[in-house]
Amino acid sequence: MKYFWLTIKKMFRFLLKPLSFVPALCVMYMIFSFSAQTADESGQLSMLVSEKVVLLLGKLTSGNLDTAQVGVYVDEIHFLVRKMAHFSEYFLLGLTLSLPLYVYRLRGFWLVLAAGLFCAGFAGLDEYHQSFVDARTPAIKDVGIDSIGAFIGILLVQAFCWSVLNNPNKKKKKRSH
C-alpha cells in the first residue's frame, strides 16, 4: 500500500511541475495583449490609470483638487505611469518564470542567467511586435526598463526561496526530533 501512495505522489508531481509555468504564460499573454493596443488605446488606458492615481493621492493628502489641477498632475505623472507599467509587467514575468525554474532546481547564477535572458529576449520581441501596431514604435529604453523589472523579480524569488529553504529555525526543529 505504501508503494501505491508513493507512486501516486510521484505521478502527481510529474503532472503538476509543468503546470507551474502556466502563470508565466498568462503574464506573457497579458504583455502581448497590452502591446497589441494601438497608441490611442494604450494612451487612454495609461491616462485613466494616471487620473486614478492623482485622485487617490488627492484623497489621501486631503487635497481638494479641481479639474484643472487634476489635469496638470495627470500630465506630470503620465510618463512615469507608462514606464512603471513596463517595469511591473516584467517584474511579474520574472517572478512567474523563475519560480518554476527554481522548482526544477535551477538556482543561483544559472537561474538569473536563464530567466534574465528569457525575459530580456521576450522584451525585445515585444518591442519588435509593437513596431507592427498602429502608431506604436519600439524603444530600446523600454527593453532596459523591462529587463530591470524582470531582474528584480528573479532576485526576489531567489532570495525568498533561499530564505525559506535555509531557515535556521527549521533546521533546529529537524535536529531536535
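**Exercise 1. Ala 135 and Arg 105**

Decide whether Ala 135 is buried or exposed in this predicted model, and state where along the chain Ala 135 lies.

*Solution.* Begin with the accessibility: Ala 135 has a relative accessibility of 64%, and because the cut-off for an exposed residue is over 50%, Ala 135 counts as exposed. Next, place the residue, which lies in the loop between helix 5 and helix 6. Finally, turn to the backbone, where Ala 135 has a positive phi of about 65° although it is not a glycine.

Arg 105 can be treated by the same steps. Its relative accessibility is 66%, so Arg 105 counts as exposed, and its place is in the loop between helix 4 and helix 5. The phi of Arg 105 is near 70°, again a positive value in a residue other than glycine.

**Exercise 2. The second largest pocket**

Find which residues line the second largest pocket and work out how they divide into nonpolar, polar and charged.

*Solution.* The space in this pocket comes to about 270 Å³. Its lining consists of Arg 13, Leu 16, Lys 17, Val 103, Arg 105 and Arg 107, so that the exposed loop residue Arg 105 reappears here as part of a pocket wall. Sorting the lining by residue type gives 2 nonpolar, no polar and 4 charged residues. As for the source of the lining, helix 1 (residues 2–19) gives the most, with 3 residues.

**Exercise 3. The largest pocket**

Determine which helix supplies the largest share of the lining of the largest pocket, and which residues are the closest to its centre.

*Solution.* First take the volume: about 540 Å³ of space lies in the largest pocket. This pocket is lined by 25 residues, of which Ser 42, Ser 46, Arg 82, Ala 85 and His 86 are the closest to its centre. Then consider the helices: at least two lining residues come from each of helix 2 (22–35), helix 3 (39–60), helix 4 (67–103) and helix 5 (108–130), and the largest share, 9 residues, is that of helix 4. Last, the composition of the lining is 11 nonpolar, 8 polar and 6 charged residues.

**Exercise 4. Cys 26 and Cys 119**

Explain why Cys 26 does not form a bond with the closest cysteine sulfur, that of Cys 119.

*Solution.* The test for a disulfide is that two cysteine sulfur atoms lie within 2.5 Å. The sulfur of Cys 26 is 15 Å from that of Cys 119, its closest cysteine sulfur, and is therefore too far away for a bond. Approached from the other side, Cys 119 is likewise in no disulfide, since the nearest cysteine sulfur to it is that of Cys 26. The count of disulfides accordingly comes to 0. The surroundings of the two residues can be added as a last step: Cys 26 counts as partly exposed at 49% relative accessibility, whereas Cys 119 counts as buried at 1%.

**Exercise 5. Aromatic pairs**

Classify the pair formed by Phe 21 and Tyr 104 as stacked or edge-to-face, and do the same for the pair formed by Phe 109 and Trp 110.

*Solution.* A pair of aromatic rings is described by the distance of the centres and the angle of the planes. The whole structure holds 6 aromatic pairs. In the pair of Phe 21 and Tyr 104, the centres are 5.8 Å apart and the planes differ by 25°, and this pair is stacked. It links distant parts of the chain, as Phe 21 is in the loop between helix 1 and helix 2 while Tyr 104 is in the loop between helix 4 and helix 5, 83 residues apart. Both residues are partly exposed, Phe 21 at 24% and Tyr 104 at 37%.

For Phe 109 and Trp 110, the values are 5.1 Å centre to centre and 75° between the planes, which makes the pair edge-to-face. Here the two residues count as exposed, with 55% for Phe 109 and 54% for Trp 110. A further group to note is the aromatic cluster formed by Tyr 90, Phe 118 and Phe 122.

**Exercise 6. Gly 149**

Establish whether Gly 149 is buried or exposed, and which residues it is in contact with beyond its neighbours within four places in sequence.

*Solution.* Gly 149 has its place in helix 6 (residues 140–165). Its relative accessibility is 0%, so Gly 149 counts as buried. With the sequence neighbours left aside, the contacts of Gly 149 are Phe 87, Tyr 90 and Phe 91; of these, Tyr 90 is also a member of the aromatic cluster with Phe 118 and Phe 122.

Conventions. Residues numbered from 1 in each chain as written. Predicted model: local features only at pLDDT ≥ 70, side-chain atom pairs only at ≥ 80, totals over all residues. Heavy atoms only, no water. 1 Å grid on protein atoms, 1.4 Å probe; cavity = no way out; pocket = protein on both sides within 12 Å on 5 of 7 lines; lining within 4 Å. Points joined across faces, edges and corners; volume = space filled by probe spheres on them. Helix = DSSP H or I, 4+ residues; strand = E, 2+ residues; numbered from the N terminus. Nonpolar A, V, L, I, M, F, W, Y, C, P; charged D, E, K, R; others polar. Buried < 20%, exposed > 50% of the residue type's maximum accessible area, 1.4 Å probe, protein only. Contact = heavy atoms within 4.5 Å. Phe/Tyr/Trp six-rings, centres within 6.5 Å; stacked < 30°, edge-to-face > 60°.
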